[in-house]
Structure formats: structure tokens, C-alpha cells
Amino acid sequence: MIIVDDHIHEILEKWDQIDDEIWGKIIYMERNRRIAKAYARAPVLTINGSEDGFDGFKIGVNGFETSVNDAMVKRVKRHIGQV
């Protein structure tokens, strides 16, 4: 998985520059393509189907601009947060 290796390498390169309050790095991907990335400053995040994008506490998967917008992606996004 070259993509995963690339992301891990990127984090390791910036390791000494990352703020101590960072809990993790979120990489939002669709169809094997990175759509967005962010650093989480909270230990608990909510993932839902809103259009909010990432606000530090919630990730709204319908809030990211993407060119990958096929039927399966739309179907999965509709189901997020409905269970």
C-alpha cells in the first residue's frame, strides 16, 4: 500500500513540529484518493453525514469537495450516521 506508506512518511517527517496537543491525524479518502486531511485536537471525534466538513470535533463527510462522486460513494455517504 504505497498510499499508506506515503502518509506515514509525511507524518514522520513532521513529527518534531507537531504540537503536543494533537491527538491524531485524520485523512479522509474516497476511492483510494485523499480528499482532505486535518489534525485532531480532541480525543473523541464524531463522524456524520453532515455538510460541515471538519470543525475540530466533527467530521461531516458530505462537506468535502470531491471529483470522485460516483453512485457507490453517494450511497455510502447517505448511510453514514443513520445507524
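# A chat about patches, salt bridges and strands

Q: Hi! Which residues form a nonpolar patch on the surface?
A: Val 4, Ile 8, Leu 12 and Trp 15 do, and together they have about 430 Å² of accessible area. Keep in mind that this is a predicted model.

Q: Where does Val 4 lie?
A: Val 4 is in helix H1, which covers residues 2–13.

Q: And is Val 4 buried, partly exposed or exposed?
A: Val 4 counts as partly exposed, because its relative accessibility is 41%. For a residue to be called exposed, the value has to be over 50%.

Q: Got it. New topic: how many salt bridges does the structure hold?
A: There are 8 salt bridges in the structure.

Q: Let's stay with helix H1 for a moment. What does Glu 10 form a salt bridge with?
A: The partner of Glu 10 is Arg 34, and their closest N and O atoms are 3.4 Å apart. This pair links distant parts of the chain, with Glu 10 in helix H1 and Arg 34 in strand E2 (residues 33–40), 24 residues apart.

Q: Are those two buried or exposed?
A: Glu 10 counts as buried, at 16% relative accessibility. Arg 34 has a relative accessible area of 41%, so Arg 34 is partly exposed.

Q: Which residues are linked with Glu 10 and Arg 34 in a network?
A: Lys 14, Lys 25 and Lys 37 are linked with Glu 10 and Arg 34 in a network of salt bridges.

Q: Nice. What about Lys 77, which residue does that one form a salt bridge with?
A: Lys 77 forms a salt bridge with Glu 30, and the closest N and O atoms are 2.8 Å apart. Lys 77 sits in helix H2 (residues 71–79) and Glu 30 in strand E1 (residues 24–30), so the pair ties together parts that are 47 residues apart in sequence.

Q: Buried or exposed, those two?
A: Lys 77 counts as buried, with 8% relative accessibility. Glu 30 counts as buried too, at 4%. The cut-off for buried is under 20%.

Q: And what does Arg 31 meet in a salt bridge?
A: The side chain of Arg 31 meets that of Asp 70, at 3.1 Å from N to O. Arg 31 is in the loop between E1 and E2, while Asp 70 is in the loop between strand E5 (58–60) and H2, so to speak of distance along the chain, they are 39 residues apart.

Q: How accessible are Arg 31 and Asp 70?
A: Arg 31 is partly exposed, with a relative accessible area of 48%. Asp 70 counts as partly exposed as well, at 31% relative accessibility.

Q: Switching to strands: what order does the open sheet of 3 strands have?
A: The order is E3-E5-E4, and the pairing is mixed. The edge strands are E3 (46–48) and E4 (53–54), each of which pairs on one side only.

Q: How many bridges join E3 to E5?
A: E3 and E5 run parallel and are joined by 3 bridges. Thr 46 stands opposite Lys 58 in E5.

Q: Last one: how many aromatic pairs does the structure hold?
A: The structure holds 1 aromatic pair. Tyr 28 and Phe 64 form this stacked pair, 4.9 Å centre to centre with 25 degrees between the planes. Tyr 28 is in strand E1 and Phe 64 in the loop between E5 and H2, 36 residues apart.

Q: Are these two rings on buried or exposed residues?
A: Tyr 28 is buried, with a relative accessible area of 14%. Phe 64 is buried, at 17%.

Technical notes: Residues numbered from 1 in each chain as written. Predicted model: local features only at pLDDT ≥ 70, side-chain atom pairs only at ≥ 80, totals over all residues. Heavy atoms only, no water. Patch = residues over 30% accessible without salt bridge, like charges linked within 9 Å, V, L, I, M, F, W, Y side chains within 5 Å. Areas by Shrake-Rupley, 256 points an atom, 1.4 Å probe, with all protein chains shown as cover. Salt bridge = Lys/Arg side-chain N within 4 Å of Asp/Glu carboxyl O. Helix = DSSP H or I, 4+ residues; strand = E, 2+ residues; numbered from the N terminus. Buried < 20%, exposed > 50% of the residue type's maximum accessible area, 1.4 Å probe, protein only. Pairing = 2+ DSSP bridges. Phe/Tyr/Trp six-rings, centres within 6.5 Å; stacked < 30°, edge-to-face > 60°.
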